[in-house]
Amino acid sequence: MDLSDEVRSALVQSSRGVIVVGPNRIGPPMLDAVHALSVSTAMPIVADPLSGCRFPVGTRCNVVSHGDALLQAGLLENLRPDLIVRFGSLPVSTRLIAWWSANLSTGGTHIYVNNAGEVHDDTNAITEYVAGDPVSFCHEAGKLQHPEVSRQGWLSRWQELNALAERTVRMCSAASPRWDLGTVRTLIERLGANTILIAGNSLPIRLLDSAGIGLRDGVILGNRGASGIDGLLATALGVAGATSKQVVLLIGDVSMLHDVGSLAEVRRQNVANLCCVVLNNDGGRIFERLPVTDLADLAEQLFVAPHGLDFAGLASAFGLDHRLVSELSSLDVALSDAMDGPPTSILEVRTSAADDLAWERHYIDLLRHAGAS
Ligand SMILES: Cc1ncc(C[n+]2csc(CCOP(=O)(O)OP(=O)(O)O)c2C)c(N)n1
């Protein structure tokens, strides 16, 4: 692949570059290539939860997996990139998109590499579009003469901040048994090779983003886009039918109720490798984090819409197995039972929306203070 003069000079002259890998089912060649590029350019890799690029912290030291939390805590405000090199579609974190757009609006280069003719760019930020194979791009870009020394401080700062977020989230998870992020981290740690985790939209995909860890040798999939919370269970059923691997669907209660008709098909097909983990916070709690909260009671009635429905009764109506997890400590055993036990089960994790929101805010406050000191 021939790189244009503009792309070459942006890559060589940059002193504050960032690689962003968005949702993207990348295979081992691209994983290796993007990590090699990061090493030769001393640019951090900000990895989306659906990028396939995240691994448990420590094994890939240039990966920044806590980007969204760092942005919430205001810790990336002083890290102004002069170059973004981006692969895949738009990341889950809209804060990340806003961050690169705001920073590059005053100059800098945004290289986007895609060989499928796609342009994922809501904010019109791309300055250099490379229509070519991302693996070849990484190889060619890595071969350029990069001024390594001047970039090491930049990379180190990103690594320090990511490690700080990881320590803080781990501390909060240990301190609170009633925090959904802790539950999701436990879930990811429990699952492993030979597992496909499907993230529901709404809070589940955002929790996976904030969890900051990936499935080692496993796959995380998500249905992003206009379909919203439609057909998430049907999607998981389709995936389970196409693989012999264990499939785990992490889904919110309203999303599950929205696709309740698919439970009949789940029962009919008697699939043995699908487990639905329902985070039951009694309503669409994402709306408690959005500006509609200004509507007070109306927001509760029209958007959050608590339903108080009984998932045990629902499972039984469809002849499916149900298990309630009310303590985080019992999640591990419940997961093992669900995976090794009878076909398709609904594992309901009942959570407290108020506790969850309080812990989320506490985590970001702690991170903000720790990062500022
Ligand atoms: C088909 C469709 N209808 C409506 C919406 C709007 N919507 C977004 S999130 C959400 C609530 C989801 O609630 P739940 O699955 O319980 O997840 P939580 O927000 O609690 O994480 C709704 C109704 C949508 N995204 N897609």
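Ala, Val, Leu, Ile, Met, Phe, Trp, Tyr, Cys and Pro count here as nonpolar, Asp, Glu, Lys and Arg as charged, and the others, Gly among them, as polar. With that division, the lining of the second largest cavity splits into five nonpolar, four polar and four charged residues. The structure is a predicted model, and this text goes through its spaces, starting with that cavity.

The second largest cavity holds about 70 Å³ of space. Its lining is made of 13 residues, and those closest to its centre are Val46, Ala47, Asp68, Leu96 and Asp209. Two elements, β2 (45-47) and α3 (67-72), each contribute at least two residues to this lining.

In total, the structure has two cavities of 30 Å³ or more. The largest cavity has a volume of about 110 Å³. Around it stand 13 lining residues, with Pro177, Thr183, Val349, Arg350 and Thr351 nearest its centre. Here the elements that each supply at least two lining residues are α7 (180-190) and β12 (345-350). By class, the lining of the largest cavity consists of five nonpolar, four polar and four charged residues.

The ligand is the next subject. The space that the ligand takes is the largest pocket. A shell of 18 residues surrounds the ligand, and Ser202, Val254, Ser255, Gly283 and Arg285 come nearest. Sorted by class, this shell contains six nonpolar, nine polar and three charged residues.

Which helices each supply at least two residues of the shell around the ligand? They are α8 (203-211) and α10 (253-258). The largest share, four residues, is provided by α10.

Several polar atoms of the protein can be placed against oxygen atoms of the ligand. Ser202, one of the nearest residues, has a polar side-chain atom 2.5 Å from a ligand oxygen. Gly283 is also among the nearest residues, and a polar backbone atom of Gly283 is 2.9 Å from an oxygen atom of the ligand. For Asp253, a backbone N or O atom lies 3.3 Å from a ligand oxygen. These three distances count as polar contacts because each pair of N or O atoms is within 3.5 Å. On its own the ligand has 580 Å² of accessible area, and the protein covers 74% of that area.

Terms used
Residues are numbered from 1 along each chain as its sequence is written. This is a predicted model: local features need pLDDT of at least 70, side-chain atom pairs count only at pLDDT 80 or more; totals for chains, interfaces and linings use all residues. Side-chain values use heavy atoms; hydrogens and water are left out. A residue is near a molecule or strand if one of its heavy atoms lies within 4 Å of it. A polar contact is a pair of N or O atoms within 3.5 Å; within protein, one must be able to donate a hydrogen and the other to accept it, and residues adjacent in sequence count only if both atoms are side-chain atoms. Accessible areas come from the Shrake-Rupley method with a 1.4 Å probe; for residues, only the protein chains shown count as cover. On a 1 Å grid over the protein atoms alone, a cavity is a set of points where a 1.4 Å probe fits but cannot get out, and a pocket is an open set with protein on both sides within 12 Å along at least five of seven lines; lining residues have an atom within 4 Å of a point. A molecule sits in a cavity or pocket if more than half of its atoms lie within 2 Å of its grid points. Grid points are joined across faces, edges and corners, and a volume is the space filled by probe spheres set on the points.
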